Amino acid sequence: MNTYYAGTLLVYAAVDIIACLALNLQFGVSGIVNFSFIVFQSIGAYTAAVLSMPPDTANGHFQVYIGGFQLPFPIPWLGGALAGGLLAIPVGLVVLRKLRTDYQAISLLVLSVIANSVITNVRPFLNGAAGIAQVPGPFADQVDQYSESYQLLYVGLTVPCVLLVWLVASRIVNSPFGRSLRAMREHELAATAIGKNPVQLKMTIFIVGGVIGGLSGAILVGYIAVWAPSVWLYPETIILFAAVIVGGRGNNVGAILGALLVPVGFFEVTRQLPQKIGDWVPPPNLIPAMEWVAIGLLIIGFLWFKPEGVRPEPRRVFEGAPLREDLSSGGNP
Amino acid sequence: MAATLNGPLLVAEDVHRHFEGMHAVDGVSVEVSTGKITGLIGPNGAGKSTFLAVLAGTLPASEGTIVFDGQDVTRMPAYARARRGLVRTFQLPSEFARLTVLENLLVAAPHNRGDSLWGALRGKGYWMRDERRLVEQARGLLKRFGMSAKESDYAGTMSGGQKRLIEIMRALMLGPRLLLLDEPMSGVHPSIVLEIQYYLQDLRKEGLTILMVEHELHMVERLCDSVVVMAQGKVIGSGTMASLRKQREIVDAYLVG
């Protein structure tokens, strides 16, 4: 396996792991069906791009975009994370305060569609449907972005981000705060009756998820150097949902496993499929179309047969707890 | 739990709750005395549960005022009332199903340093002491209510009666001053009904004030110091159960209603 292939695989895996950990906090732990997750990843990517790129007058003005500040690493990554968090505030205030869960999901889905069409059609803003290209990665002015050593450098910058996000996610999930989030997920009205403010809880975790989602986009755009509306269509969110559901809702290890199984593993496997079976050449869009069918079947299959996922949310047993009489009954209600 | 004062802990005055022209609660005024168990009875559809929800803030009042412990809480959101000690339970089981029994209690406890984003991010060392103290307190309650053996089971797997107990224990973890119980005995096996009755009597002895909606009149007679009767959204009588039994219209409301 060559370095470029390995680098690509690792960076994509890291980005998907970070995204799935964020979505798990929102959806798995807190029950917020954030169907616009990809928008948060995307605003992180666009923000990081315009923070690191030169003004659009450079390179013969072949693309147009706002900003172009040429700021050094780590400002674009931090800016991407910040942008994700800032976007979560107005979106959360509109969607999470009054609406019931199912309407929240629909509103967020619609937001995802609207955001994508606006960016696609308003060219002066972020270069419209063509998207922006030639985004310089971290230290691109010092290390050749197309060299093997840059692959290693990028993986080296990405791994600490994964560890940091993992630390944040596991501290939240295993804390009394995480317990309040889970209680809200289970029964919002009852949580209110014991003094929890559900709007505050939801807003908090929505912003945290937005920050992490923004970071994932910033990391990805620095690596692939392009970002366009076609890479953040709303179905991309569905892939991440599939990952969290397959991995195990509410379990951080499950989210990581899901990220490796679905977005990474799945697409890697289908890439290996033959282009031609005997004399029959399948139509060119058959495999991508089948991938979507498979993603859909995966979600339905897991929700039907194994709704708790590969790694279910752990049952928390406290130190000094009496042994349970019947171990078989306590697995999953 | 302030049992020293014998004045009212909660005063509801001329409380209304309308649902699109339907007057579910139509000008109810009630005083709940400190340290007593007050019963709220009446036929189905009398507006008892709605009134309880309005008191707890789960439903906002359309008109009227609610004063709890000297403070007007009419416009206060439900979670803020709960934090002040005005805590309700629900008519239907409302356990946190995929939390263990012990976690159902712990989650209700106020004053845990780990129960905020910043507290959580600072790590276990920051909140472990609070957690230990609360685990101990919760285990004390579980022992008292005979559910110690179940602490690590998911609350969703418990029986109807056990879920009732979980809900009462959960409310007690908040350190309530007024407990609003919405039919705590409904759907509960008779043996557990008796247990719940004893627990409630114990709690009153300790000075807790309780307002409970209940259908079973013998239970109300045994438990409640005074009773308020509602029908069609209004209060039609109040007093001790014995005095109410003598009033013709109240008997009629129950028999006809």
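Trainee: How many bridges join β6(B) to strand β7 (residues 178-182) of chain B?
Mentor: This is a predicted model, in which local features need pLDDT of at least 70 and side-chain atom pairs count only at pLDDT 80 or more, while totals for chains, interfaces and linings use all residues. Residues are numbered from 1 along each chain as its sequence is written, while chains are lettered from A and ligands numbered from 1 in the order in which they are written. Helices (H or I, at least four residues) and strands (E, at least two) are DSSP runs, numbered from the N terminus, and two strands pair if DSSP finds at least two bridges between them. β6(B) and β7(B) run parallel, and the number of bridges that join them is three.

Trainee: Which residue in β7(B) stands opposite B:R88?
Mentor: Strands of a sheet pair through backbone hydrogen bonds, either parallel or antiparallel. Looking along β7(B), the residue that stands opposite B:R88 is B:L180.

Trainee: Which strands of chain B stand at the edges of the sheet?
Mentor: The sheet is open, has six strands with mixed pairing, and follows the order β6-β7-β8-β3-β9-β10 in chain B. Each edge strand has a single partner, so one side of it is left without a neighbour in the sheet, and these strands are β6 (86-88) and β10 (234-239) of chain B.

Trainee: Which helix of chain B packs on this sheet?
Mentor: With direction ignored, neighbouring strands of the sheet are turned by 20° against each other on average. The packing helix touches β3 (37-41), β6, β7, β8 (209-213) and β9 (226-231) of chain B, where a contact means C-beta atoms, placed from the backbone, within 7 Å. Its direction makes about 150° with that of β7(B), and its name is α1(B), residues 48-56.

Trainee: Which residue takes a positive phi in the hairpin of β1(B) and β2(B)?
Mentor: Strands β1 (residues 8-19) and β2 (residues 22-33) of chain B pair in the antiparallel sense over nine bridges, and B:R17 has B:V25 in β2(B) as its bridge partner. Two residues lie between the strands of this hairpin, and the residue with a positive phi, near 45°, is B:E20.

Trainee: Which residue in β4(B) stands opposite B:H16?
Mentor: β1(B) also pairs with strand β4 (residues 63-68) of chain B, in the antiparallel sense and over five bridges. Within β4(B), the residue opposite B:H16 is B:E63.

Trainee: At roughly what angle do the axes of α1(A) and α10(A) cross?
Mentor: Axes are lines fitted to C-alpha atoms, for helices over the stretch in contact, and angles run from 0 to 180 degrees between N-to-C directions. In this contact A:A19, A:C20, A:L23, A:N24, A:F27 and A:G28 of α1(A) meet A:L240, A:F241, A:A243 and A:V244 of α10(A). The axes of α1 (residues 3-29) and α10 (residues 235-247) of chain A come within 10 Å, and they cross at roughly 75°.

Trainee: Which helix gives the most to the side of chain A that touches chain B?
Mentor: The contact between the chains takes 35 residues from chain A and 43 residues from chain B. On the side of chain A, α6 (148-173), α7 (176-186), α8 (188-193) and α9 (198-224) each supply at least two residues. The helix that gives the most, with eight residues, is α7(A).

Trainee: What is the radius of gyration of chain B?
Mentor: Chain B has 10 helices and 10 strands. The globule rule (2.2 Å times the number of residues to the power 0.38, with the radius taken over C-alpha atoms) gives 18 Å for 257 residues. Chain B comes close to that, so it is as compact as a globular protein of that length, with a radius of gyration of 19 Å.

How values were computed:
Contact = placed C-beta atoms within 7 Å.
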